[in-house]
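I opened this notebook to keep track of what I looked up. The entries follow the order of the looking.

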Amino acid sequence: MNIFVCMKQTYDLQQVRIRKETRQPVLENVPLTLGNIDKNALEEAIRIKEKSGGKITVLSAGPESLEDTVKEALAMGADEAVLITALELDAIESALSAVLLAKAAAQAGPYDLIFLGEGSTDSYSGQVGPRLAELLDLPQITFAKSLSLEGRTLRAVRSLEDSLEEVEVDLPALVTMVSEINEPRIPTVTQILKAGRKPKKVLRPEELGVPLRDFAPQVQTLSNLAPVQNRRGILFKEGAKEIPALVKALEEEGLLRR
Amino acid sequence: MPSILVFSEQDRCALELLRKGKELGEKMKLAVAAAALGASQVEEHRRRGCALVYTGSPDPFPPFDASIYAQALSQIAAASGAAIILLGSTRSGKELAGRLAQKLGAGCLTDCQSLEYGNDGLVATRNAFGGATVAAQKLTTAVQIFALMPYLCEPTAPGEPGGETVPVALNLKPSPVRKLKSTPKDSGAVDLEGAEVLVCVGKGLGKQEDLKIAEELASALGGVVACTKPLATDLKWLPESRIIGLSGKKGKPKLALCAGISGQVQFAVGIRDARTLVAVNLDPNAYIFQMADYGVVGDLYQILPQLTAALK
């Protein structure tokens, strides 16, 4: 069983602060990490490997800093990493990411399963999975909240807005998952130390036949600021005693039914 | 001729997109067409003055499957000369968006909270950095796909003269994904996105039985109870359909009352469009107070029942 897990490097968003005067995010000195839901995807791959054996390869496209960030995935239990790096791949677009991952997967293949999170932690666009499935002509199962494998048949429960859908597919297949699927493990110190010695292949986009100058950006960002909060900011500090004042305020706004 | 094509597998969302499509079509001088993969949608669109409704065989069309619907829509998009495709940003809509975009070589933005045509062209806004910021973005490709959040606007009202139905001969490869069964997540599912009043609870709540105090307040306010993600996925006190936030529903109530919620961005993005936001929290420094119109510092176990009593 060859499982590829696609992961994206993002800023640790818990540590991103907003500069009040400009509403801009402050990214200096914010540590890099791998996407939260990507780790659920990796965890699921590790569980399958523990049960049925196989090999787990992490695929990722991004800036050079990936070489260091990916150690987190290798420590968790991935066997090796295939990285496509270039300075220009910082804040990579979904469309380019999918093309690079598809080329890398084809080169590193064969594969039985390709796993991703349902969306990245930062952009949460959810496009890379379906785009990659289209490029590789694979069946896609998205928003999986549980998986079970029997031989070459994968069964999944998909979590849609208001229903759970049980589906089945023969391998190879691409699966995106929701964070409810599992709790990603925290690597031990020994695993972290060993991670540095696991095989890592670093490719340039050109080596995959995707010269970046040929790829025109598809998305243009005009602004990216924290939303303006036009809130009254009235704080009743005395707790329950001030309920009448709150009721009066809501009444004046016409928010109470009476 | 380039045109705007709208499609959603959800009927209500499809009609919201039709309204948005018509509004943009007028400004951009583009014809608006709808793709209707199912007999009921054809009539619904025609009754709402959609000039061209594209439909494809087989009839009845199979239920939603991303690979089949992506094939169908790419063929309809080609037949209609679509330059702009509006989809619903539901889970199915999102998985369709990516696959369709790749088929058409189109740029794509999902989870769009707004889409407007102005001096900068066609610009969408969507959350970035996990919701800490909102980015205004546009696409540069010849074909552009925007998946819009449900409830972005009202559905088009019926009553306009019907347009033309155009059948498209579709050539569809069957999906390798076999559907075994579908079960509703929550038989008592409520419409969080359409609710006028939401009472949201978080980890400040000590145990499941205490949800009662939130439910009583919600009923006094004429609203429904929603929750942060951990309450549904980790603790399972409420069904997942009640989650407000980045990976749940986005509410737009007139009034939101958030109790025992610190206000992490993953939750905040789902509630920040509330017209009036009231927060109840023990910690006077809780972030939720920064986004609240009215904050009450105190114990929700006291405040909620007393507020309920005061409203009766």
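**Entry 1: charges and overall build of chain A.** I began with the charges of chain A, which number 32 positive and 38 negative, and found their mean positions 5 Å apart. I note here that the model is a predicted one.

I then took the extent of chain A: along its principal axes the C-alpha trace spans about 65 × 40 × 40 Å. For its secondary structure I counted seven helices and 15 strands. Chain A has 258 residues, and 53% of them count as buried. I looked up the exposed surface of chain A as well, which comes to about 11800 Å², with carbon and sulfur atoms supplying 49% of it.

How far apart in sequence are the residues that the contacts of chain A join? I took the contacts between residues at least 6 apart, and 69% of these join residues at least 24 apart.

**Entry 2: the largest pocket.** I looked up its volume and wrote down about 1300 Å³. Its lining is made up of 48 residues, and those nearest the centre are A:Q14, A:N36, A:S179, B:K229 and B:Q266. Which elements give two or more residues to this lining? I found α1 (36-52) and α3 (71-76) in chain A, and α6 (229-233) and α7 (265-268) in chain B. The most comes from α1(A), which gives four residues.

**Entry 3: cavities.** I counted four cavities of 30 Å³ or more. The largest cavity has a volume of about 320 Å³. I listed its lining, which has 25 residues; A:E161, B:R91, B:S247, B:G248 and B:K249 lie nearest the centre.

**Entry 4: a buried leucine in chain B.** I picked B:L217, which sits in helix α5 (residues 211-221) of chain B. Is B:L217 buried or exposed? Its relative accessible area is 0%, so B:L217 is buried.

I then asked what B:L217 touches, leaving aside neighbours within four places in sequence. The contacts of B:L217 are B:V199, B:L257, B:L304, B:L307, B:T308 and B:L311. I also looked at B:Q306, which is 89 residues from B:L217 along the chain; their C-alpha atoms are separated by 9.2 Å.

**Entry 5: a buried threonine in chain A.** I went to A:T10, in strand β2 (residues 9-11) of chain A. The relative accessible area of A:T10 is 2%; the cut-off for buried is under 20%, so A:T10 counts as buried. With neighbours within four places in sequence left aside, I found A:T10 in contact with A:P31, A:L32, A:T33, A:T121 and A:D122.

**Entry 6: helix α5 of chain A.** Why is helix α5 (residues 128-135) of chain A described as largely enclosed by the rest of the structure? I checked its eight residues, and seven of them are buried, so the description follows. The buried ones are A:V128, A:G129, A:P130, A:R131, A:L132, A:A133 and A:E134. After α5(A) comes A:D137, and I noted that its phi is positive, near 55°.

**Entry 7: cis peptide bonds.** I looked up two of these, one in each chain.
- In chain A, a cis peptide bond joins A:G109 and A:P110, with omega about 5°. I placed A:P110 in the loop between α4 (94-108) and β8 (113-117) of chain A.
- In chain B, B:S57 and B:P58 are joined by a cis peptide bond, with omega about 0°. I placed B:P58 in the loop between β3 (52-56) and α3 (66-80) of chain B.

**Entry 8: positive phi outside glycine.** I looked up A:R23, a residue other than glycine, and found its phi positive, near 65°. A:R23 lies in the loop between β3 (17-19) and β4 (24-26) of chain A. Its relative accessibility is 31%, so I entered A:R23 as partly exposed.

In chain B I looked up B:F129, which is not a glycine and has a positive phi of about 45°. The loop that holds B:F129 runs between β7 (121-128) and β8 (133-139) of chain B. Is B:F129 buried or exposed? I read a relative accessibility of 16%, so B:F129 counts as buried.

Technical notes
Residues numbered from 1 in each chain as written. Chains lettered and ligands numbered in written order. Predicted model: local features only at pLDDT ≥ 70, side-chain atom pairs only at ≥ 80, totals over all residues. Heavy atoms only, no water. Buried < 20%, exposed > 50% of the residue type's maximum accessible area, 1.4 Å probe, protein only. Contact = heavy atoms within 4.5 Å. Areas by Shrake-Rupley, 256 points an atom, 1.4 Å probe, with all protein chains shown as cover. Lys, Arg positive; Asp, Glu negative; His and termini not counted. Charge placed at Lys NZ, Arg CZ, Asp CG, Glu CD. 1 Å grid on protein atoms, 1.4 Å probe; cavity = no way out; pocket = protein on both sides within 12 Å on 5 of 7 lines; lining within 4 Å. Points joined across faces, edges and corners; volume = space filled by probe spheres on them.
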